[in-house]
Structure formats: structure tokens, C-alpha cells
Amino acid sequence: MEGLGLALSYDDVRLRTGHSKIAPADVDLTTKFSRNITLKCPLASAPMDTVTTHHMAIELAKLGGIGIIHRGFSPSQQAHEVARVKFYLNGLIEKPICVNENETMENIKRRQEEKGYSFHSFPVVNGNGILVGLLTNNDFEFCIDQSAFAKKVMSKELVIAKKGTTINEAFQIMQKSKKKVLPLVDSQKKLAGMYVFSDVKRIVSGGSSNYNLDKNGQLRVGAAVGVGSEALERIEMLTGRGVDVIVVDTAHGDSQPALEILKQAKKQFPALDIVVGNISEPESAKRLALAGADGIKVGQGPGSICTTRIVAGIGCPQLTAVYNCSKAVRGSGIPVCADGGIRYSGDISIAIGAGADSVMLGNLLAGTKEAPGEMVIIQGVPYKNYRGMGSLGAMQESKAARERYRQPDGAKNKLVPEGVEGAVPYKGEVAEIIYQLLGGLRSGMGYVGAANIKELQDKADFYRISGGGLDESHPHNITITKEPPNYR
Ligand code: XMP
């Protein structure tokens with residue numbers, strides 16, 4: 001108990017302003033979520049069943065961030081969710097999903113439904129992989145006899161291009177020929193790739209310049225897993241659908257099972273980035289770094305729906321946790337994500353100033369159009385449900401939630417919750433929320449004089465403020481009659 005330190009939360013400090021040569025509009029928000037996964041803005045969505053399914057992940061990646069698909073799904077459903085994000089947008093599709101000329105239309109449709117393909121253009125190949133035709137949306141719509149073979153229904157008049165055709169060349173060819181799909185073939189006429197016009201146009205015209213894309217021009221997405229051998233099976237399925245990063249999502253990231261799964265996953269999937277959380281102590285950060293983590297998630301109890309600190313009596317206030325953990329891994333190339341407790345855009349500036357590379361949001365994204373769940377009206381006001389993954393409801397419904405709080409075998413009437421269930425006001429489209437959050441961050445960086453995320457981390461200096469200082473910081477002595485979009 002001697003030498004007890006002081007631990008602070010976001011509300012305890014404000015950033016000091018500095019001489020600035022940078023306008024908010026000109027700051028660069030590029031950062032990293034994990035060792036090899038870059039972001040165009042430092043935002044990730046929480047893997048919670050009231051926050052992130054493919055809808056949120058698609059929108060967030062389009063805005064430059066990354067969504068982490070929650071693990072309340074079965075492994076195959078979660079992989080399906082990942083696929084829906086990956087298939088949303090394609091640059092060059094290196095290995096297009098194709099059909100055999102002797103497959104029936106019925107069979108193809110069943111496969112389409114099972115795998116969750118949202119597209120309707122399939123190259124048709126023969127037994128040797130030679131391209132023989134194309135099934136298009138029209139072919140599906142006009143086909144009456146579902147027992148017909150693909151070779152009877154497919155379009156045979158194709159415009160094709162050689163393997164190696166660039167996206168710009170493809171754009172020219174497709175525009176000229178007015179074809180929506182351009183298959184590529186090698187010297188033996190074997191299928192070697194495919195372009196889809198809507199995506200190519202978006203990429204070439206710069207309409208996707210803010211999108212967070214992988215090397216194939218597809219949106220980036222992450223997925224959460226637990227611990228144990230089931231997690232490895234899950235990772236295998238998720239990688240099969242092109243997941244970009246795995247988040248080992250536990251309430252105690254510095255637990256032996258979490259370290260074990262990290263080591264095994266790195267051994268089995270060395271090319272895949274694995275982020276581990278959650279922790280709040282610098283020694284834990286060092287242990288995870290040593291065990292091979294590609295990213296660390298910090299936050300034990302700061303979340304708006306968390307009761308862990310009250311129920312278990314543990315946890316470090318978030319500002320100090322982020323500062324200590326970031327400092328512990330500084331220079332190692334392992335990014336830190338500050339997870340939970342972000343209430344205003346200013347908290348993002350402060351979290352990054354304290355050393356975080358990105359922040360993870362639950363509450364601020366819950367209640368948006370893209371969050372799962374229906375709108376509910378409470379006393380005439382629209383809300384959406386938001387609940388902790390350690391809440392009684394989430395744990396009763398989902399083994400993954402019980403596992404996160406290390407009660408996998410707990411009888412449903414004997415669970416010890418570490419979170420609450422509730423509702424947050426309906427907030428409209430997530431793009432509007434993110435616009436305000438990033439606007440606030442840009443403004444903060446402008447005040448500090450930081451041109452990019454690294455400069456904000458380096459230049460940030462803080463004032464510890466009093467309760468009086470916090471009161472003064474919020475609007476006071478006024479009844480707000482018009483709520484601004486970034487302050488509730
Ligand atoms: P915010 O503040 O954005 O926090 O709502 C989201 C983060 O909270 C964590 N989380 C929980 N923590 N009990 C907890 O102690 C819970 O039931 C719970 N559910 C989510 C999680 O890290 C999330 O990203």
C-alpha cells in the first residue's frame with residue numbers, strides 16, 4: 001500500500017494548447033490498429049452484439065476505421081459476416097467464386113444462399129478451369145427451369161482481358177464495352193481474375209479514397225474470438241473468408257488461456273495479425289508483447305455499460321491505463337487501442353495524447369442506424385438497446401459472453417454479471433457520428449499543433465483539472481434549447 005500511485009480518467013485532464021502551424025482540415029489521421037493493419041482514422045467498433053455486425057463494419061471501413069465482428073455468432077455465421085464485408089467492394093478479385101458448367105441453377109442458388117454471396121455474377125468454367133461463359137443477374141432472373149445446367153443458361157458472348165490487366169485498363173475496357181463484369185484469363189484461357197464495374201468505378205474515380213482497404217481493394221474487417229481450441233477453429237474459418245485481423249476478446253487479456261491462444265494462433269497463422277485484450281497494467285502489456293501480440297487492447301472497466309470495477313473491485317482508470325500500457329510497449333511497433341469510456345470527441349484526442357494509436361467505441365456507435373436491433377420508443381423518444389457483453393441478458397443468451405467473463409459453464413441462474421443492459425438514444429447514421437468525432441479530434445490536433453497521430457502522441461501535454469475545472473469545461477448557466485450534434 002506504500003507509494004500508492006494516482007490513476008486518472010479522461011475527465012481528470014485536458015490537453016495543453018501549443019503553437020500551431022496546422023489547420024484541423026489538414027491533419028493526417030492515418031494510424032495502425034495492429035502491426036500490419038493500417039487505419040485511415042483511429043476508430044474501431046466494439047465486438048458487442050448491440051454494436052458490430054457486417055452493417056457497422058462496412059460503414060466504419062468506408063469511413064476509414066475498422067469494425068470487429070462480435071463472437072456471439074456461431075463460427076460459420078461469424079465467418080459469413082466477415083464475408084459480407086469482404087465481398088462489399090472488390091478491386092481485382094484474384095480468385096473469383098465461379099461455377100462449373102455442369103452445375104444446375106438450383107444448386108448454384110443454394111450455394112449462393114448458404115455462403116451469403118450478395119453478388120450475382122459468376123464466371124462459368126469447364127472441368128479444366130477454362131472460362132466458358134458468365135452467369136449474370138439477368139441470367140438468374142430470366143431462368144425459369146431451375147434444373148437447367150449453367151452451360152445452358154450462361155451468357156457466352158464475353159468481353160475478356162488478359163491476366164495482369166490493371167484496374168485503370170479494366171475501367172477503360174468496361175466503359176467502352178458497357179460490360180459490368182470483366183473476367184481475366186491466362187495464356188491457356190484459364191480463369192485468372194475478375195473485375196466488377198461498380199467497384200472499379202468507385203476506386204478509379206477516387207470515391208473510395210477514404211475507405212480502409214486491403215491490398216485487393218476490399219474493405220478491412222476484424223473479428224473477435226475467445227480462448228481454447230474452439231477459438232483456433234473459429235480463426236481458421238475466419239481466415240478462410242479473408243478476415244484482416246483477429247481480436248482475442250476477453251475481460252482479462254493477461255490470463256493464461258489468453259496468452260496460450262495468442263501463442264498457438266501465431267504459430268498456426270503466422271501471417272495473421274492477432275490483437276489481444278483487455279488489460280490495464282504495463283506488465284501485462286509487456287507480457288503480451290513478448291508472447292507475440294500484434295496489437296494490445298487496453299481497458300478494464302471504463303466502458304459505459306461496465307460494472308467490473310464495482311463488482312470485482314479491480315481496474316485502473318482509463319487515462320492512466322492507456323498511458324502506462326502504451327509506454328510499456330513504445331518502440332516495439334505494437335499499436336495500442338484504448339477501449340471503452342469514450343464519451344466525447346475530446347476523449348479521443350486525450351486517449352491518443354496519452355499514447356493510444358486508436359480507440360474502440362461501443363456506446364457512441366450503439367443507437368445508430370447501422371447498429372443491430374430495432375428502434376424502441378420510450379415516452380415518445382426513439383432509442384436502441386445497448387448492453388454489456390457481461391450483462392445478465394448477454395451472458396444468458398451467449399456462451400461467448402459467458403466465456404469473456406470466465407463463467408463458461410455457469411448455470412443461467414447462477415451467473416455473476418459484470419455489465420448492465422439499457423438503451424441509448426437513436427442517433428441516425430453512423431457517418432454523421434464519425435464526422436463529428438473526427439472533426440473534434442482534428443480540432444484538438446490543431447490546438448496542440450500536431451500534424452498527425454504520432455505528433456499528437458509526442459507533443460501532448462496535460463493539465464490535471466479539478467472538479468471546478470470540469471464544471472467550467474461543460475456548458476453552464478444556460479438551458480440548452482438547441483442540442484448540437486456533438487454534445488448531448
Ligand atoms: P463504451 O464506453 O464505448 O465501452 O460503451 C465499450 C467497451 O466496454 C467493454 N465491455 C464491457 N466491460 N462489462 C465490462 O466490464 C461488460 O459487460 C462489457 N461489455 C463490453 C468492451 O471492452 C467494449 O469494447
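Q: What makes the pair formed by an oxygen atom of the ligand and a polar backbone atom of Gly362 a polar contact?
A: The two atoms are 2.8 Å apart, and a polar contact is a pair of N or O atoms within 3.5 Å, so the pair qualifies. The model is predicted: local features need pLDDT of at least 70, side-chain atom pairs count only at pLDDT 80 or more, and totals for chains, interfaces and linings use all residues. Residues are numbered from 1 along each chain as its sequence is written, and side-chain values use heavy atoms, with hydrogens and water left out.

Q: Which polar atoms of Asp339 and Glu418 lie at such distances from the ligand?
A: In Asp339, a polar side-chain atom lies 2.5 Å from a ligand oxygen atom. In Glu418, a polar backbone atom is 2.6 Å from a ligand nitrogen atom. The protein covers 96% of the 520 Å² of accessible area (Shrake-Rupley method, 1.4 Å probe) that the ligand has on its own.

Q: How is the shell around the ligand divided by class?
A: The shell has 9 nonpolar, 12 polar and 3 charged residues; Gly counts as polar, whereas Asp and Glu count as charged.

Q: How do you know that the span of helix α16 (residues 430-448) is close to expectation?
A: The expected span is 1.5 Å times one less than the number of residues. Helix α16, a DSSP run (H or I, at least four residues), has 19 residues and reaches 27 Å from its first C-alpha to its last, close to the 27 Å expected.

Q: Why are Val430 and Leu437 of α16 called buried?
A: Buried means under 20% relative accessible area (1.4 Å probe, protein chains only), and therefore Val430 and Leu437, which are among the buried residues of α16, fall under that limit.

Technical notes:
Polar contact = N/O pair within 3.5 Å; in protein donor to acceptor, adjacent residues only side chain to side chain. Helix = DSSP H or I, 4+ residues; strand = E, 2+ residues; numbered from the N terminus. Buried < 20%, exposed > 50% of the residue type's maximum accessible area, 1.4 Å probe, protein only.
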